[in-house]
Amino acid sequence: MDNQKMLQAMFAEATIGIIVVNSQGKIVQANPFSEKLFGYEKGELILQPVEVLLPNSFRTRHVEHRKKYHQKPIPRTMGANLELQGQRKDGSRFSIEISLSHMDIDGERFAIAYASDDTLQQETFKSLKEAKKISDDISNIVEDSLSEIFIFDGETMKFIQVNKGARQNMGYSLEEMEMMTPVDIKPNFEEEEFLGLIEPLKEGKVNELLFETIHIRKNGTTYPVEVHLQYSRLGMQPVFVAFISDVSQRKEYEHKILMHSEELEKKVIERTEELRASESKLRESFEKEKQLGELKSRFVSMASHEFRTPLSSILSSANLIGRYEKEEQNDKRMKHVNRIESSVRNLTTILNDFLSLEKLESGKVRYHPVEIEIEEYIEQVIDEMSLISKSDQKIIHFHEGEKQIVADEHLLKNIMLNLLSNGIKYSPEGKDVELHTQYTEEKISIQVKDYGIGIPEADQELMFTRFFRANNVINIQGTGLGLTIVKRYLDLMGGKIWFESEEGKGTTFFVEIPNVIE
Ligand code: ADP
């Protein structure tokens, strides 16, 4: 092949700019690549001073360099370690890399410059430098960050990097920490538990883990922390990066707020309860007032009716006594004196009933158990009853169990007097009334049994209603309050009352009072 042609082709096709400069600094050859590189038309660079390819500020200095090179040419790269600039025809500049060599032809020396566009390389270099700076800056930011940052190996779990804030707070040096894993500073975690916790992060199931726990310092003190954990890479090494915030203060606030709100809540509950209590007390006393008012007006209407018979009987007996002046009329006088006495007793009973009920309604009756000798006690009760019993009518007492009992003397007596007086009142002459008492460890039982008029079935349901009286007692004195009083006494003692009755045959009342002895 023709060597000449080959050289020409190499010159024309080279992917590097080749510029030949003569001893006067004029360009004598410029290959197409160099023309393109500097933005000139074909042949346009020929005989131009080589300095046209340089920025103005370099041109003068370059003439000197060029002359020196001509005298003593050594092949070299130009401007080593310097960022060289070329200037295009349109005045724009670019980074350029130039190597120099020379040749002597026919006694004349030519310099050859090989020029390539260095922009890309320069830019890469620049961005690498920038990247390094950024990474240094990031390292500094991490190191100086006020929050604690821990980086630990994704496999061995050993700490790799622990920033200053963390080291200072924990009280360990980096060397010490490099021997430790996160479990060593988390007293609430066992290793397996911790590995289980971070597993989803490692497997990529979650991007970040956020949890609260406690860290323990070298000196043994602890503090609450919030942990943000991420899985990442340091180069090729898989690592976990933990950002830790000390949440002591927040916890303290939370605690304070909690305490405060608990206190508030407690106060609100207390106040509400107080309000409710006073409201129900008000309502209760209002109800009581209402009931007492009703009771009083019912009593007045009942009394005006019930008082009429004994009062007129007293009046007529007193009238008659006045007329029986003679000695032999003594019997008649006595009969009327007795009638007066009985009428007064009737009036007293009515008044007593009312007073007892008022006392009960206004909450003045108290339950006060004492030891009682049952036989003596019942004897007194029977004595009192004999005053109102009819002729040939006895009260017969049967007792079972211990003779010494514990009960409220007053209330028990009132219960028995009420039931016995009804037994007497609602039975004809000659019919005895039975009183059965039984005392066991659990209870006191009382039965009052009579063989009198009984209670009509239709009226039985309402027997314990205030002022209620059965329709077969219209001609017998009474207030309809006695059973109500007995029932209220029993309520006070936790006891109960019921009865069995058949009209015309008789009635039995049953009472049970739970024993108060422990
Ligand atoms: P009072 O006897 O003053 O009318 P109570 O409250 O003691 O009032 O009794 C209410 C009513 O119960 C009586 O009016 C009467 O109808 C009925 N009753 C109570 N005990 C007996 C009894 N032993 N036999 C028949 N009826 C009775």
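Biologist: In this predicted model, which residue of β18 does Ser501 stand opposite?

Modeller: Ser501 stands opposite Thr507 in β18. The two strands, β17 (residues 496–502) and β18 (residues 506–514), pair in the antiparallel sense over seven bridges. In their hairpin, three residues lie between the strands, and Gly504 takes a positive phi near 85°.

Biologist: What makes β17 and β18 count as paired strands?

Modeller: At least two bridges are needed for two strands to pair, and β17 and β18 have seven, so the requirement is met.

Biologist: Which side chains of β17 point to the buried face, and which to the other?

Modeller: Ile497, Phe499 and Ser501 point to one face and are buried, while Lys496, Trp498, Glu500 and Glu502 point to the other and are not buried, in an alternating arrangement along the strand.

Biologist: What makes β1 and β2 a pair as well?

Modeller: Strand β1 (residues 17–21) and strand β2 (residues 27–30) run antiparallel and are joined by three bridges; at least two are required, so these strands pair. Val20 has Gln29 of β2 as its bridge partner, and in this hairpin, with five residues between the strands, Gly25 takes a positive phi near 85°.

Biologist: Why is the contact of Glu226 with Arg250 called a salt bridge?

Modeller: The closest N and O atoms of Glu226 and Arg250 are 2.9 Å apart, and the limit for a side-chain nitrogen of Lys or Arg and a carboxyl oxygen of Asp or Glu is 4 Å, so the pair qualifies. The bridge links distant parts of the chain, with Glu226 in strand β10 (residues 222–234) and Arg250 in helix α8 (residues 248–306), 24 residues apart. The two residues also belong to a salt-bridge network together with Glu212, Lys251 and Glu254.

Biologist: Is Glu226 buried or exposed, and how is Arg250 classed?

Modeller: Glu226 has 17% relative accessibility and therefore counts as buried, the cut-off being under 20%. Arg250, at 29% relative accessibility, counts as partly exposed, since that class lies between the buried limit and the exposed one of over 50%.

Biologist: How do you know that Lys487 and Asp491 are separated by about one helical turn?

Modeller: They are four residues apart in helix α14 (residues 482–493), which means a separation of about one helical turn. Their side chains meet in a salt bridge at 3.3 Å, N to O, so the distance falls within the 4 Å limit.

Biologist: How do you know that α12 has the span expected of a helix?

Modeller: Helix α12 (residues 409–425) has 17 residues, which at 1.5 Å a residue should span 24 Å, and its end C-alpha atoms are 24 Å apart, so the two values agree. At the start of α12, a side-chain oxygen of Asp408 comes to within 3.0 Å of the backbone nitrogen of His410.

Biologist: Why is α12 described as largely enclosed by the rest of the structure?

Modeller: That description follows because 14 of its 17 residues are buried.

Biologist: Why is Met10 called exposed, and which surface patch does Met10 help to make?

Modeller: The relative accessibility of Met10 is 53%, and exposed means over 50%, so the label applies. Met10, which is found in helix α1 (residues 3–13), joins Met6 and Leu7 in making a nonpolar surface patch of about 320 Å².

Key:
Residues numbered from 1 in each chain as written. Predicted model: local features only at pLDDT ≥ 70, side-chain atom pairs only at ≥ 80, totals over all residues. Heavy atoms only, no water. Patch = residues over 30% accessible without salt bridge, like charges linked within 9 Å, V, L, I, M, F, W, Y side chains within 5 Å. Areas by Shrake-Rupley, 256 points an atom, 1.4 Å probe, with all protein chains shown as cover. Buried < 20%, exposed > 50% of the residue type's maximum accessible area, 1.4 Å probe, protein only. Expected span 1.5 Å × (residues − 1). Polar contact = N/O pair within 3.5 Å; in protein donor to acceptor, adjacent residues only side chain to side chain.
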